[in-house]
Amino acid sequence: MPIVAQSTETTDWVSRFADEVIEESERRAPGKPVVVASGLSPSGPIHLGNLREVMTPHLVADEIRRRGYQVRHLISWDDYDRYRKVPAGVPGVDETWAEHIGKPLTSVPAPKGSAYPNWAEHFKAAMVESLAELGVEFDGISQTQQYTSGVYREQILHAMRHRGDIDAILAQYRTKKTPAKQQQQKPVDEAELEAAEGSGAAAEDDGSSGSAGYFPYKPYCGNCEKDLTTVTSYDDDSTELTYSCTSCGFSETVRLNEFNRGKLVWKVDWPMRWAYEGVIFEPSGVDHSSPGSSFQVGGQIVGIFGGKQPIGPMYAFVGISGMAKMSSSKGGVPTPADALKIMEPQLLRWLYARRRPNQSFKVAFDQEIQRLYDEWDRLEAKVADGSALPADVAAHSRAVRTASGELPRTPRPLPYRTLASVADITAGHEDQALRILSDLDPANPLASLDEARPRYDKAEAWINTHVPADQRTIVRDEPDTELLKTLDEQARESLRLLLDGLADNWSLDGLTHLVYGVPKVQAGFSADATPKELPPEIKTAQRSFFALLYQLLVSRDTGPRLPTLLLAVGQDRVRHLLGA
């Protein structure tokens, strides 16, 4: 392995894990590529909580690659897991899918209208596409392919020979009850997504059922394809195994050294794979931290297969803000693809990179996304001028580039909230959007809307899919003559001052200065006076002035930022609506 200087970003969690993983890999497998792993079950839409299962090892693997080491990031698609339930709200799926419960995910039909051959491939495809957009490099492993081709045959036979040892480990935990507090499920409206849910850690028996004793292997029925089977006998010498199906009544005797239609139970399957693949680093969800959990038990069972438990931090929940609309329309929780429709991949990567794995955070689908983008743009500016803290520089670097290069980015990254306002006001008219955005900075006008893409498209998608109709901006066609008639002289004067300054201040910065300056001038102060130089009542006067403009322009007390709104409406129409 190359000798490469370690990162100087000592406050960066990714670098610290990379140090540990490199050291451990050189101890366990010197001269071989570093192996990190993730596991995902395509049992339904793969959500943003599951994404932490991938992003945590991805960021560590990418840091190791940057240092010149060879790395394999394995993603095990647990597509040979059983189909446990029919998820609610999935388009093209109805109650008839319940007849497939118990079959491997790759044996379940895809939703109606899907272009993919089965359930697993349908949900895997969306995640693969999102990971490509996020710049995540990985080696995908289909567990259906591994099991049905006989890759794990020796490991299965080994587990069956050592079933007594495995049973003894599992028995230590079977009588332990999970505290009631841990059993409480987080309601969806709290938007806490269990990051490990669907990662193979789904509820599954550990193989202990059956009067013939413990067996860590579950055959899929040769008749109905379901795993509702019980092993009734097994001979170690001949590998002859007999099972019966409690679903259809079918039974048969097979030779396990030739049989490829079944799998090890989860708590044995996972550590077997650690040993088989030589995994050095794999994180686990918070649900794996309790006694008897898959990760804890796997740490003991892996020794039976001659391996060691990976280094692996526990990772915390990922929350969602503003998901009510999504839940009602889709019946589920947001996926990476949903997030990437409204935010650039750099922002989504940054959310996962800037927080340690044991810190929870939220992905915003409501107005909070505008604040997140403001924070991101401030970070970009600090990185550019050298004033950002080392840990923030590291998180930014991990967001915008990988070891393979920089992610595609928006050439002119205008403020997200400005783009959202323009998309809202113009309602899909690109020529109008370009006119407004070109007026933001007359000295350096936008030549094409493509310069503001893909950020503009993300902001437009957010407006169209996550802002309720009653909060959308509709500019008046005609002046509100009744309101104009009731204005006192002070209000009329404020409108005159605004209209007199429009032509000379027709830019984003100019209009910002103008709308904030009008109440100052009316009160006898300079338009350039700072808040420290002004009495508190000026803020009250500004709020009243803003509310008046919103009422005259959009018939509401609030709306998009006034400078952006004025640019969008245009000088002539502003003059018309304000009674000029």
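Hi everyone. Before we start, one definition: two strands pair if DSSP finds at least two bridges between them. And please keep in mind that this is a predicted model.

Let's begin with the sheet. Strand β7, residues 240-245, pairs with β8 in the antiparallel sense, and the pairing runs over five bridges. If you want a spot to put your cursor, try Glu240, which stands opposite Arg255 in β8. Stepping back, these strands belong to an open sheet of three, ordered β6-β7-β8 with antiparallel pairing. At the edges sit β6 (229-234) and β8 (251-255), each of which pairs on one side only. From one strand to the next, the twist averages 25°.

Next, a pocket. The second largest one has a volume of about 350 Å³. Its lining counts 18 residues, and those closest to the centre are Trp350, Arg354, Ala391, Asp392 and Ala395. Which helices build that lining? At least two residues each come from α1 (13-28), α12 (345-353), α13 (368-385) and α14 (390-400). The largest share belongs to α13, with four residues. As for chemistry, the lining of this pocket has nine charged residues, eight nonpolar ones and one polar one.

While we have α13 on the screen, let me show you Glu380, which lies in that helix. Is Glu380 buried or exposed? Its relative accessibility is 17%, so Glu380 counts as buried, the cut-off being under 20%. And what is Glu380 in contact with, leaving aside its neighbours within four places in sequence? The partners are His396, Val400 and Arg409.

Last stop, helix α22, residues 562-569. How many of its residues are buried? Eight of eight, so to speak: the helix is mostly covered. You can click through them in turn: Leu562, Pro563, Thr564, Leu565, Leu566, Leu567, Ala568 and Val569 are buried. What do these buried residues pack against? Their surroundings are α15 (416-426), α16 (430-439), α20 (508-522), α21 (537-554) and α23 (571-577). Right after α22 comes Gly570, with a positive phi near 90°.

To recap, we went through the open three-stranded sheet, the second largest pocket with its volume of about 350 Å³, Glu380 in α13, and the mostly covered helix α22. Thanks for listening, and do shout if you would like to go back to any of these.

How values were computed:
Residues are numbered from 1 along each chain as its sequence is written. This is a predicted model: local features need pLDDT of at least 70, side-chain atom pairs count only at pLDDT 80 or more; totals for chains, interfaces and linings use all residues. Side-chain values use heavy atoms; hydrogens and water are left out. Axes are lines fitted to C-alpha atoms, for helices over the stretch in contact, and angles run from 0 to 180 degrees between N-to-C directions. On a 1 Å grid over the protein atoms alone, a cavity is a set of points where a 1.4 Å probe fits but cannot get out, and a pocket is an open set with protein on both sides within 12 Å along at least five of seven lines; lining residues have an atom within 4 Å of a point. Grid points are joined across faces, edges and corners, and a volume is the space filled by probe spheres set on the points. Ala, Val, Leu, Ile, Met, Phe, Trp, Tyr, Cys and Pro count as nonpolar, Asp, Glu, Lys and Arg as charged, and the others, Gly among them, as polar. Buried means under 20% relative accessible area, exposed over 50%, partly exposed in between (1.4 Å probe, protein chains only). Contact means heavy atoms within 4.5 Å.
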